[in-house]
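Subject: Structure handover

Hi,

Here is the structure I promised to pass on. Have a look at it first, and my notes on what turned up follow below.

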Amino acid sequence: MVRSKPKQAPSKKQSRGVDFKKIKRKIGRKLPPPKNATNVQIKSKAIVLPEQSLASDRSGLAVSKKGLTLKELLHQSSHHNPKIRKVALIGIRDLALKFRSEIKIHKLAIIQKVRERICDNDAVIREELHNLLKKVIFPILKEDLNGPLVSSIMAYVFNAMTHLSVDVRLMAFKFFDLVVLNCPSSFLLYAEKVLDNYGDILRNNQIYLQDKSKLKTALAGLVHCLSLLSSFNEKKPSYDQKTEGWKPLHAFESKIPDKHLGISSIINKLEGLVPILISCFQELTGLIRAMPVLDAVTFDCILSLLQSINLAAEYAIYRMGLHQGLGISYNSQDMMRKTENSVLVFLKKFLEGFPIYPIHNSSEMIDDRYFILNVKITEIFFHMSKWIDDDASLMERFLIFIENALAGQICNNVRSRKMLQENYLIRLVPFIPGLVSQMMSHWKVCLLQAFTVTFKDLKVNSKLNTACLSAIEEMLLPGQKQNTLPPDFFSSDILSFQVTWMGELPELLLRLGDKEPSMSKVILNLQLRIGQCSPLKSYLAQEYDSMQIPLSQFFCTFIDNGDLHYGPFDKLPRDCQELAVSCLYYFSCFNPLLLKSLTLCFLNCRVDSSILLRIIEVLHSSFKAGHVQIADQLCFLITIIARLKVFPGNA
């Protein structure tokens, strides 16, 4: 029997030690810090110090809405954080509005600190500083804005004009314009340097393509500065005495100073600036011709350029006839040659591009804006036409434009056409008398016909009426105003137009009524001058007499049923009534209808007794001069006595 082997127990694996225990982590759970990590957190208790009395008690101090003093705000205006700098400027504005005396006391410290922000790299802060100076600081310091304050600001303005950033440079001209606006006399002190900087910025044609809005701001400042050149002396020079054989168009009188104010070097700068302005204009017009729509910013830039060209060229060229009055020792021929080579050549090339129109013209707004630009170019041409060589083709282009503008051939929209005529023809109408006196018969008739149509179609309250009446006075009374029209101006080709204009005057008075006393005064003044200047038994005197019938309605109208309809005479101011009564003396023979209307005025209780006595006095003087027949004079006086007897209360 075989002995079975005993069953052996299952062998157990020998247990070993584990070096690293693997821990399963769930995804997304943050790992715990290691056991040997060092805690670097530091905990401390706050240190509480007692407040100082000066810091806590600010009663009686000038502080802003946030409780900051002026010194603290000025210090924060130089902070590295732009937000804090902006808040500091706003705080200075709030403090200044509340404590105006603080600004006057610390004006030098304020200006010296805030001027640093003129060159600030942040556009928002520069704009905030501009508003602060414009609306708060300069109005408060208007009386104290003297040389030291202005010079301290201008140092930083000139620094900004040469800044690497174009935005800062363009904004600097806005600051300069603000300084000149509040201290106009400062322009002459800094004009040379500023004009040089304007030339540098305008040579950079990249501005035309990138940011026209800032260019618009800079050009607006240039227009303002150039306009100041004609305001330093109110005395107007007499060019006829200074330059032989040369007379400007009567519509333009330059206000050039007749004393030397250190402007010789300024004029030299202007002569160099004109070609730059013209080049800039040509760059922009070359761009807009291909534009489907002329945007507002580009339009404003071109308009400012035209205004600058007009002012700069005008001042530089008129200087030729004033070199003696200005105290400048130049030879007139050398000046003429130099100016011709520098300014007039560029002007002529500039004007040869007239008129400017887009390639594709499908919008009424485009027509409107181009019309405005062409009006400005026309104005420049007639200002400078005496120095530009005669060019018949160029002159004809401008005459065609004026004729079309007067005739209303501007755009198809009636409302837009009326608006353009109201606002922009007022610049061209003053040139009409001078043009009519110089043009040949064909163009004379065309211009007068277009002018007459415009005058008759105007509304009674139109501001263009004043310009038209002034032109009519010059064409009706040649030689009476400035000796600008020839003696033979009373020709057959203008006679019919003069009759039409005179016939419109009483009608215009009736349409005005008492709504526009100032316009009525202009018309009555013109009527009085016509009566005073009309030679006896001339056609002008005959036409003046024919104005009596419509003028009778101006005083009073008698209706068949017994009712009286008083005209606008009794409602107008006293000076207008005096003019209307004075016009009566110059009628060579009184119409019975006019005498009846004057008689009925005595029944009107609203007419002052002194005016009624003035009517009696003028009629008596006319009777003595033989203008009123004795029967009409007696009838007039007896009727007045009878009326006053029936109504003694009115006496």
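A salt bridge here means a side-chain nitrogen of Lys or Arg within 4 Å of a carboxyl oxygen of Asp or Glu. By that rule D300 and K216 pair up, with 3.1 Å from N to O. Before I go on with the charges, please keep in mind that this is a predicted model.

The charged pairs

There are 18 salt bridges in the structure. The D300 and K216 pair links distant parts of the chain, since D300 belongs to helix 14 and K216 to helix 11 (residues 212-228), 84 residues apart. Both ends are partly exposed: D300 has 23% relative accessibility, and K216 has 32%.

K174 does something similar with E127, their closest N and O atoms being 3.0 Å apart. K174 is in helix 8 (residues 166-182) and E127 in helix 6 (residues 123-140), so this pair ties together parts that are 47 residues apart in sequence. Again we have partly exposed residues, with K174 at 22% and E127 at 30%.

Then there is R529 with E473, at 2.5 Å from N to O. Their bridge ties helix 23 (residues 517-533), where R529 sits, to helix 21 (residues 464-476), which holds E473; the two parts are 56 residues apart in sequence. Here R529 is partly exposed at 26%, whereas E473 is buried at 17%, because the cut-off for buried is under 20% relative accessible area.

If you like networks, try R574, E578, D608, R614 and E617, which salt bridges link together.

The fold as a whole

The protein chain has 29 helices and two strands. Of its 651 residues, 46% are buried. Taking contacts between residues at least 6 apart in sequence, 72% join residues at least 24 apart. The exposed area is about 35,300 Å², and carbon and sulfur atoms supply 53% of that.

The nonpolar inside

The largest nonpolar core has 183 residues, and F176, L347, F350, F451 and F555 have the most contacts inside it. Helix 14 (residues 296-318) gives this core its largest share, 13 residues. That is also the helix of D300 in the salt bridge above. If you want to look around L347, leave aside residues up to four places away in sequence and you will find that L347 touches I278, I309, A313, I317, I380 and M384.

The rings

I get 19 aromatic pairs. One of them is F554 with F555, edge-to-face at 5.4 Å centre to centre and 80° between the planes. Both rings belong to buried residues, F554 at 1% relative accessibility and F555 also at 1%. F602 and F636 are edge-to-face as well, with 6.0 Å between centres and 70° between planes. F602 lies in the loop between helix 27 (592-600) and helix 28 (609-624), and F636 in helix 29, so the pair ties together parts that are 34 residues apart in sequence. F602 is buried at 10%, and F636 is buried at 3%. Ring pairs also join F354, F371, F381, F382, F398, F401 and F431 in a cluster.

And on the outside

I630, L634 and I638 make a nonpolar surface patch of about 310 Å². I638 is in helix 29 (residues 630-646) and is exposed, with a relative accessible area of 56%.

Cheers

Key. Residues numbered from 1 in each chain as written. Heavy atoms only, no water. Helix = DSSP H or I, 4+ residues; strand = E, 2+ residues; numbered from the N terminus. Buried < 20%, exposed > 50% of the residue type's maximum accessible area, 1.4 Å probe, protein only. Contact = heavy atoms within 4.5 Å. Areas by Shrake-Rupley, 256 points an atom, 1.4 Å probe, with all protein chains shown as cover. Patch = residues over 30% accessible without salt bridge, like charges linked within 9 Å, V, L, I, M, F, W, Y side chains within 5 Å. Core = buried A, V, L, I, M, F, W, Y, C linked by side-chain atoms within 4.5 Å. Phe/Tyr/Trp six-rings, centres within 6.5 Å; stacked < 30°, edge-to-face > 60°.
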